[in-house]
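Visitor: I would like a close look at a single part of this model, followed slowly from one end to the other. Please keep to what can be read from the atoms.

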Amino acid sequence: MDLAEKLDAIEGIKMAKARYFRGIDTKDRDLLRSIFTDDVELDCRGAAIDPVTGHNFAPQTDEIIRGGDNAAYLASTSLTGVVSVHHASAPEIEITGPNTGSAIWPMVDRLRFGEGAPIKELIGYGHYFDTYERVGSTWRIKTMRLVRTRMDAVVW
């Protein structure tokens, strides 16, 4: 792989992750499906557990989600009624083969909950550990693991 091909692959991986964040925040199932491989695995186990109190704000995330259709459905519906904003920056991207890559993304997200929720807002920090696969000319997320390093809860 020459430098131009490698840089093109890196940009393709960045686009896939940007589309993932937009899909999550807009709850766009079709967009999410388009950036997951058919055999995707999403692992957010423990990512919603407050490290201080031990409270799990999203127990539904305690299972690995498998399959593109299932992942797109659950990812687009898991934040129903929640306004979310996800940001990632400064990825460490490695091209591991002609059609494969991996990345570590430092991230922060803000989740604003509706009336009646136990908290008003959750601000989370951590890292996404992803692998990617090129399908045709498009880079897609093959595996994703979210590990939080901190969570701040805003009470009502």
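Guide: What follows is a walk along one strand and its surroundings in a predicted model.

The part I have chosen is strand β6, which covers residues 121-135 and has Glu 121 within it. Glu 121 is buried, because its relative accessible area is 7%, under the 20% that sets the limit for that word. Its side chain makes a polar contact with the side chain of Arg 110 at 3.0 Å, and another with the side chain of Arg 112 at 3.2 Å. If neighbours within four places in sequence are left aside, Glu 121 is in contact with Arg 110, Leu 111, Arg 112 and Phe 113, and also with Asp 152, Ala 153 and Val 154.

Further along the strand we come to Tyr 128, which counts as buried because its relative accessibility is 2%. The charged end of Lys 17 sits over the ring of Tyr 128, 3.7 Å from the centre of that ring.

The aromatic surroundings of Tyr 128 deserve some care. The structure holds 4 aromatic pairs, and one of them joins Tyr 20 to Tyr 128 in an edge-to-face arrangement, with 6.1 Å from centre to centre and 75° between the planes. This pair links distant parts of the chain, since Tyr 20 belongs to helix α1 (residues 3-26) and Tyr 128 to strand β6, 108 residues apart. Both Tyr 20 and Tyr 128 are buried. Phe 21 and Tyr 128 form an edge-to-face pair as well, here with 5.6 Å between centres and 65° between planes, and this pair also links helix α1 with strand β6, across 107 residues. Phe 21 is itself buried, because its relative accessible area is 7%. Together with Phe 36, the residues Tyr 20, Phe 21 and Tyr 128 form one aromatic cluster.

From the cluster we can pass to the nonpolar core. The largest such core has 37 residues, and Tyr 128 and Tyr 132 are among those with the most contacts inside it, as are Tyr 20, Phe 36 and Ile 141. Strand β6 is one of the elements that give two or more residues to this core, others including α2 (29-35), β1 (36-43) and β7 (138-154), while the largest share, 7 residues, comes from α1. Phe 36, with neighbours within four places in sequence left aside, is in contact with residues that include Tyr 20, Ala 71, Ala 72 and Ile 141. As a general background, nonpolar side chains in soluble globular proteins tend to be buried together.

Methods:
Residues numbered from 1 in each chain as written. Predicted model: local features only at pLDDT ≥ 70, side-chain atom pairs only at ≥ 80, totals over all residues. Heavy atoms only, no water. Helix = DSSP H or I, 4+ residues; strand = E, 2+ residues; numbered from the N terminus. Buried < 20%, exposed > 50% of the residue type's maximum accessible area, 1.4 Å probe, protein only. Polar contact = N/O pair within 3.5 Å; in protein donor to acceptor, adjacent residues only side chain to side chain. Contact = heavy atoms within 4.5 Å. Phe/Tyr/Trp six-rings, centres within 6.5 Å; stacked < 30°, edge-to-face > 60°. Lys NZ or Arg CZ within 6 Å of the ring centre and 35° of its normal. Core = buried A, V, L, I, M, F, W, Y, C linked by side-chain atoms within 4.5 Å.
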